[in-house]
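Trainee: I have a model to go through with you. Can we take it one question at a time?

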Amino acid sequence: MSATFYQLVLFFARPLVKLRLRFRARREPAYGERWEERFGHVPAGVACGPVWFHTVSAGETIAAAPLIRALREDFPDTPFLVTTMTPTGSVQAVERLSDIADHCYAPYDFPEAVERFYARVEPKALVLMETELWPNLIAMACARGIPVMLVNARLSERSARGYSRVGGLVKDMLDSIYLIVCQAPAHRDRFIALGAHPERVQVAGSVKFDQFLPNDFDVQLVSLRRRFRMDTDLPVWIAASTHPGEDEQVLAAHRMLRERFGEIRLVLVPRHPVRVNEVIALIKNAGLTYSRQSGVDGDGQVVIGDVMGTLQYLYGLADAAFVGGSLVALGGHNPIEPALCGLPVAVGPYQYNFAEVMEALSTAGSLVTVTDAEDLAQVIGGWLEGEELRRRAGRAGLEVVAANRGAQEKVGRLVRDCVAAAVLK
């Protein structure tokens, strides 16, 4: 795909993008708010000349927060800006970073929106998290002499194949990126194969391994256990970040586990809280009772996690975990969070978003791949029944997390040098 054809696609996509925003706002009202920011209209309170981090959604924002705080200490006189694309990312940016950084939505990649954004904000440097590659955003930064860094970068084999179909456009973007810091050597090789300069591509590991349990973890855990009557010896398992097509299989597995264990409890956390009513209907159809985290206290057979930013605490309630986005073709979600709680983890066969992480956990014996509801019930049941097996698998996961910590320091050092050159020039 040429740059000219890309701009033509954007021209015809504009009305569709606005329609999609309106349609999505019907289910998720937050998408109907602050829409002008998505077209480059920056709020008055955002400072000029910041170091700009684009973190996309909640997971990237959480992973980037310690790095942003560390850099803010090194450059106390420089403003920082964090942009996201999703309301969930916006919530995390405000909750975790509002004391040290401004926040707004990033502009869509329409040329005039990106130009309007740059003219107003005038960033000194741009740090993109993971795989946020937008041609106009990167090209205009390069034209303005703004160094662009892609950190905690990952590129799955599947994504690399997709990018190769628009090779010319991707090569132009990669030519414009000053530094790419990858999670694993395989990602580095794929970026280079697509045209990135080898000397600009580093490997530092995943900053998501540098997560720690929140300071109030134990206090919150006591409160949650009391609320949902989980301060007993009854087994509890969690199915987190689930999508349509997975909830049905999770509930089917839970019914099988109830036949085996009796009053076992399930914490079910849909990836998108807007789906809660849909999930409630599935629970009722399965003949199960439920309690909502956002509702009153209760002892439902299924507890629905529907409060953003609390997943790490909910993992603490459980004895074993299933991580979603993996029984359907979405590539899987972050398995480090349950491993951090010492939980053995089950995932489906679609693991390409976290392939290296899941392979490391699997090799250590703390992660098992399942294919359907029956398989899931069998694996979770085995862990719940065998305490020593469960604890051994959980300890193995903790060891994997501990062994892979340190990426944040490496990434911080590389980004710090680049930011210093941009701020001091």
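**Salt bridges**

Mentor: Start with Glu388, which is partly exposed at a relative accessible area of 44% (partly exposed lies between buried, under 20%, and exposed, over 50%, with a 1.4 Å probe and protein chains only). This is a predicted model: local features need pLDDT of at least 70, side-chain atom pairs count only at pLDDT 80 or more, and totals for chains, interfaces and linings use all residues. Residues are numbered from 1 along each chain as its sequence is written, and side-chain values use heavy atoms, leaving out hydrogens and water.

Trainee: With which residue does Glu388 form a salt bridge?

Mentor: A salt bridge needs a side-chain nitrogen of Lys or Arg within 4 Å of a carboxyl oxygen of Asp or Glu. For Glu388, the closest N and O atoms of the pair are 3.3 Å apart. The partner is partly exposed, with a relative accessible area of 42%. It is Arg395.

Trainee: How many residues apart in sequence are the parts that Arg69 and Asp99 tie together?

Mentor: Their side chains meet in a salt bridge, 2.6 Å from N to O. Arg69 lies in helix H2 (residues 58-74), and Asp99 in the loop between helix H3 (87-97) and strand S3 (102-105). Helices (H or I, at least four residues) and strands (E, at least two) are DSSP runs, numbered from the N terminus. So the pair links parts that are apart in sequence by 30 residues.

Trainee: Is Asp99 buried or exposed?

Mentor: Its relative accessible area is 56%. That makes Asp99 exposed.

Trainee: How many salt bridges does a search of the whole structure find?

Mentor: Another pair is Arg161 with Glu157, with the closest N and O atoms 3.8 Å apart. The whole-structure search gives 18.
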